[in-house]
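This report walks through one protein model, moving from a single helix end out to the fold as a whole. Keep the coordinates open while reading.

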Amino acid sequence: MSSDINLMEYMNRNIGELIRSALKACLKNPRQAAFLLKYIKAAEKASQTREKYEKQGIHIPPFLIASITSSCNLFCKGCYARENRICAEEKEKAQLSGERWTQIFSEAEAIGVSFILLAGGEPFMHPDIIERAAEVRNILFPVFTNGILINEEKINWLDRHRNILPVLSIEGGREHTDNRRGSGTYEKLKSVMGLMQEKQIFYGASVTVTTENITEVTGEDFIGDLLSNDCKILFFVEYVPVSKESESLAPTDRERAYLDTAINRFREKHKEILILSFPGDEKSTGGCLAAGRGFFHINPEGDAEPCPFSPYSDTSLMEKSLLEALNSPLFLKLNHSGIMNLEHTGGCALFSRKDQVTQLL
């Protein structure tokens, strides 16, 4: 219990710092600053709710990751979602309804969840669920999107719903982005960034760091270009190999150290942008934050999974509440097994130990 309390205190403290950093990044954007000032109160209330549950022996993670659709309009090279069948043209099972997603968002608010990361597939292929999320004003919803479906109409909608935070996936410059995501993707992203900047939409970017693009995305030219387009949050996500053929793309220990140094340099030099690293920022918590420690993943069919890179489940939100899903036998076994605290290669402790995870099922 004491380790859970220490983790809770650590995460609550860092969530506060994260929101304050986001507020500093948008001081020249009065509407977003006003929204974040209101959101700070909601986040404090959510923290108090989590503390109440903690005293009852129930650990509530402040984050959720929700893959709201399996549909996607791109075929990116080495995509974990397609490999894990999160993203698939043929649906194997019925997907959660919009009504059930609304209930899940409300349940999350009630138990003190502060952030729900919306993913896919491509989330904007299911705009009705994003619209439902927008009505839950006390939760911030970063939407990880390829940006292709964002047009002026959607940007006007985002302007009215400030708790929806678009996060554009980019691989660096034109060559790396188009090579992985398809010809013309980079130009589309630059166009969307321009529209966001014009409308003063608070948005972020997400970079999947590989051995191929690590030098470019840790360079001053890359971050300078994002800053010139008023990007306010930058996620660095280490590539997780989805097959033997893609293992060479995963950063090695040496490259992870290089990435950490670059991120620390960016954080020191560029206070006007909030920089987050996964799984780099997990190190200070003593291990992986999946399986309910800091977050868990809900796939489009409603299965509660440890994380998107570990697509195993024994609990469905088709049948269980969010609170019941946190007591998933698999999550409990993982948290007591010690697996999540072990050293690993690649971007995910559980992905590299899939055999051990499946044995726990």
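Gly 182 comes just after α7 and takes a positive phi of about 115 degrees. The model is a predicted one.

## Helix α7 and its surroundings

Helix α7 covers residues 174-181. Which residues of α7 are buried? They are Thr 177, Asp 178, Arg 180 and Arg 181. These buried residues pack against β4 (164-169), α8 and β5.

## The α6/α8 packing

Helix α8 also has a partner in α6. Helix α6 spans residues 152-160 and α8 spans residues 185-199. The two pack at an angle of about 40 degrees. Their axes are 10 Å apart. The crossing of α6 past α8 is right-handed. From α6, the contact is made by Glu 152, Ile 155, Asn 156, Leu 158 and Asp 159. From α8, Val 192, Leu 195, Met 196 and Lys 199 take part. By class, the residues of this contact are five nonpolar, one polar and three charged.

## The cavity

How many cavities of 30 Å³ or more does the structure hold? It holds one. The largest cavity has a volume of about 40 Å³. Its lining consists of Gln 32, Leu 158, His 161, Arg 162, Ile 164, Leu 165, Ile 201 and Phe 202. Five of these lining residues are nonpolar, two are polar and one is charged. Leu 158 belongs to the α6 side of the contact with α8, and Leu 158 also lines the cavity.

## Tyr 203

Tyr 203 sits in the loop between α8 and β5 (204-209). Is Tyr 203 buried or exposed? Its relative accessible area is 0%, so Tyr 203 counts as buried. The C-alpha atom of Tyr 203 is separated by 5.2 Å from that of Pro 166, although the two are 37 residues apart along the chain.

Leaving out residues up to four places away in sequence, Tyr 203 touches Leu 165, Pro 166 and Leu 168, among others. Its contacts also include Met 193 and Met 196. Further along the chain, Tyr 203 touches Asn 229, Asp 230, Cys 231, Lys 232 and Ile 233. Two of these names have appeared before: Leu 165 lines the cavity, and Met 196 takes part in the contact of α6 with α8.

## Backbone geometry in loops

Asp 230, one of the residues touched by Tyr 203, has a phi near 65 degrees, a positive value in a residue other than glycine. Asp 230 lies in the loop between α10 (220-228) and β6 (233-238). Its relative accessible area is 32%, so Asp 230 is partly exposed.

Ala 291 also has a positive phi, near 55 degrees, and is likewise a residue other than glycine. Ala 291 is found in the loop between β7 (274-278) and β8 (297-298). Its relative accessibility is 3%, so Ala 291 counts as buried.

A cis peptide bond joins Gly 120 and Gly 121, with omega about 20 degrees. Gly 121 lies in the loop between β2 (115-119) and α5 (127-134). The C-alpha atoms of Gly 121 and Cys 72 are separated by 4.5 Å, with their positions 49 residues apart along the chain. Cys 72 lies in the loop between β1 (63-67) and α3 (80-83). Cys 72 is buried, with a relative accessible area of 16%.

## Glu 220

Glu 220 lies in helix α10. With a relative accessible area of 29%, Glu 220 is partly exposed. Which residues does Glu 220 touch, not counting residues up to four places away in sequence? They are Arg 265, Phe 266, Lys 269 and His 270.

The three C-alpha pairs compare as follows.

| Pair | Apart along the chain | C-alpha to C-alpha |
|---|---|---|
| Tyr 203 and Pro 166 | 37 residues | 5.2 Å |
| Cys 72 and Gly 121 | 49 residues | 4.5 Å |
| Glu 220 and Phe 266 | 46 residues | 8.6 Å |

## The whole protein

The protein has 14 helices and nine strands. Of its 361 residues, 57% count as buried. Among contacts with a separation of 6 or more, 72% come from residues 24 or more positions apart.

Conventions
Residues numbered from 1 in each chain as written. Predicted model: local features only at pLDDT ≥ 70, side-chain atom pairs only at ≥ 80, totals over all residues. Heavy atoms only, no water. Axes fitted to C-alpha atoms, helices over the stretch in contact; angles between N-to-C directions. Helix = DSSP H or I, 4+ residues; strand = E, 2+ residues; numbered from the N terminus. Left-handed = near helix turned anticlockwise from the far one by under 90°. Contact = heavy atoms within 4.5 Å. Nonpolar A, V, L, I, M, F, W, Y, C, P; charged D, E, K, R; others polar. 1 Å grid on protein atoms, 1.4 Å probe; cavity = no way out; pocket = protein on both sides within 12 Å on 5 of 7 lines; lining within 4 Å. Points joined across faces, edges and corners; volume = space filled by probe spheres on them. Buried < 20%, exposed > 50% of the residue type's maximum accessible area, 1.4 Å probe, protein only.
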